[in-house]
Amino acid sequence: MFSKILIGVDGSDPALHALKAACELAKACDAAIYLVHVPHPETVAFATGAVAGYHVATTMPDEKAVRAAAAKIIASATQVVTEAGCAVTQSFTKRGDPGDEVIATAKEIGADVIVTGRRGLGNIAGLILGSTSQRISHHAPCAVLTVP
């Protein structure tokens, strides 16, 4: 049924739940797993553990911090996938709007399904602009599974 599963990750608890659900689906379908992460200041703060002196509202992380945080989030997601008995075929770190970039990555790899958490780290932005998972559901080129 599904041969390529793309999972959007941001380091949040809903993304962790999405990873676990996607791994169960991958096992059932013998599907390949792909990860995509689109860093934002909130995800950088989360990945760096909100270290002392880091203020999301007033300090924008530099490119080095963004890359380091993205690598940490991808590594953590890869570990979850591995512990679930699966393997990551490929991972991507993109820049831009998370919804747009997840959709673009799904098209790029020919994903059969996109799996995301319902609410990630962009809760406040989601209230104002609409959530990433809603955007993906409305514009995805394939099936979408949104996990609470």
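**Reading a sheet and its helices**

User: Where is the place of His-37?

Analyst: His-37 belongs to strand 2, which covers residues 32-37. Keep in mind that this is a predicted model.

User: Is His-37 buried or exposed?

Analyst: A residue counts as buried when its relative accessible area is under 20%. For His-37 the value is 0%, so His-37 is buried. Its side chain also reaches the backbone oxygen of Val-9, at 2.9 Å.

User: How do I read the sheet that holds strand 2? What is the order of its strands?

Analyst: In general, the strands of a sheet pair through backbone hydrogen bonds, and the pairing is either parallel or antiparallel. Here five strands form an open sheet in the order 3-2-1-4-5, and the pairing is parallel. Strand 3 (88-93) and strand 5 (143-147) are at the edges; each has a single partner strand, so one side of each lacks a neighbour in the sheet. From one strand to the next, the twist averages 20°.

User: How many bridges join strand 1 and strand 2?

Analyst: Strand 1 (residues 4-8) pairs with strand 2 over five bridges, in the parallel sense. To find the pairing in the model, look at Lys-4, which stands opposite Ala-32 in strand 2.

User: Which helix packs on the sheet, touching strand 2 and strand 3?

Analyst: That is helix 3, and its direction makes about 155° with that of strand 2.

User: How can I check the length of helix 3?

Analyst: Compare an expected span with the distance between the ends. Helix 3 runs over residues 63-83, and at 1.5 Å a residue its 21 residues should span 30 Å. The end C-alpha atoms are 30 Å apart, so the two agree.

User: Which residues of helix 3 are buried?

Analyst: The general idea comes first. An α-helix has 3.6 residues a turn, so residues three or four places apart point the same way. In helix 3 the buried residues are Val-66, Ala-69, Ala-70, Ile-73, Ile-74, Ala-77, Val-80 and Val-81. These residues cover an arc of only 135° around the axis, which puts them on the same side of helix 3. Lys-64, Arg-67 and Glu-83 are exposed on the other side.

User: What about helix 1? Which of its residues are buried, and what covers them?

Analyst: The span check works here as well: the 17 residues of helix 1 should span 24 Å at 1.5 Å a residue, and the end C-alpha atoms are 24 Å apart, which agrees. The buried residues are Pro-14, Ala-15, Ala-18, Leu-19, Ala-22, Cys-23 and Ala-26. Their cover includes strand 1, strand 2, helix 3, strand 4 (113-117) and strand 5.

User: What is the phi of Asp-30, just after helix 1?

Analyst: Most residues other than glycine have a negative phi. Asp-30 has a positive phi, near 55°, although it is not a glycine. Asp-30 sits in the loop between helix 1 (13-29) and strand 2. Its relative accessibility is 70%, so Asp-30 counts as exposed. A glycine with a positive phi, Gly-85, follows helix 3, and its value is near 90°.

User: How far is Gly-11 from Ala-70 in sequence and in space?

Analyst: The two are 59 residues apart in sequence and 9.2 Å apart in space, C-alpha to C-alpha. Gly-11 is in the loop between strand 1 and helix 1. With a relative accessible area of 27%, Gly-11 is partly exposed, whereas Ala-70 is one of the buried residues of helix 3.

Methods. Residues are numbered from 1 along each chain as its sequence is written. This is a predicted model: local features need pLDDT of at least 70, side-chain atom pairs count only at pLDDT 80 or more; totals for chains, interfaces and linings use all residues. Side-chain values use heavy atoms; hydrogens and water are left out. Helices (H or I, at least four residues) and strands (E, at least two) are DSSP runs, numbered from the N terminus. The expected span of a helix is 1.5 Å times one less than its number of residues. Buried means under 20% relative accessible area, exposed over 50%, partly exposed in between (1.4 Å probe, protein chains only). The arc is that of the directions from the helix axis to the C-beta atoms. A polar contact is a pair of N or O atoms within 3.5 Å; within protein, one must be able to donate a hydrogen and the other to accept it, and residues adjacent in sequence count only if both atoms are side-chain atoms. Two strands pair if DSSP finds at least two bridges between them. Axes are lines fitted to C-alpha atoms, for helices over the stretch in contact, and angles run from 0 to 180 degrees between N-to-C directions. Contact means heavy atoms within 4.5 Å.
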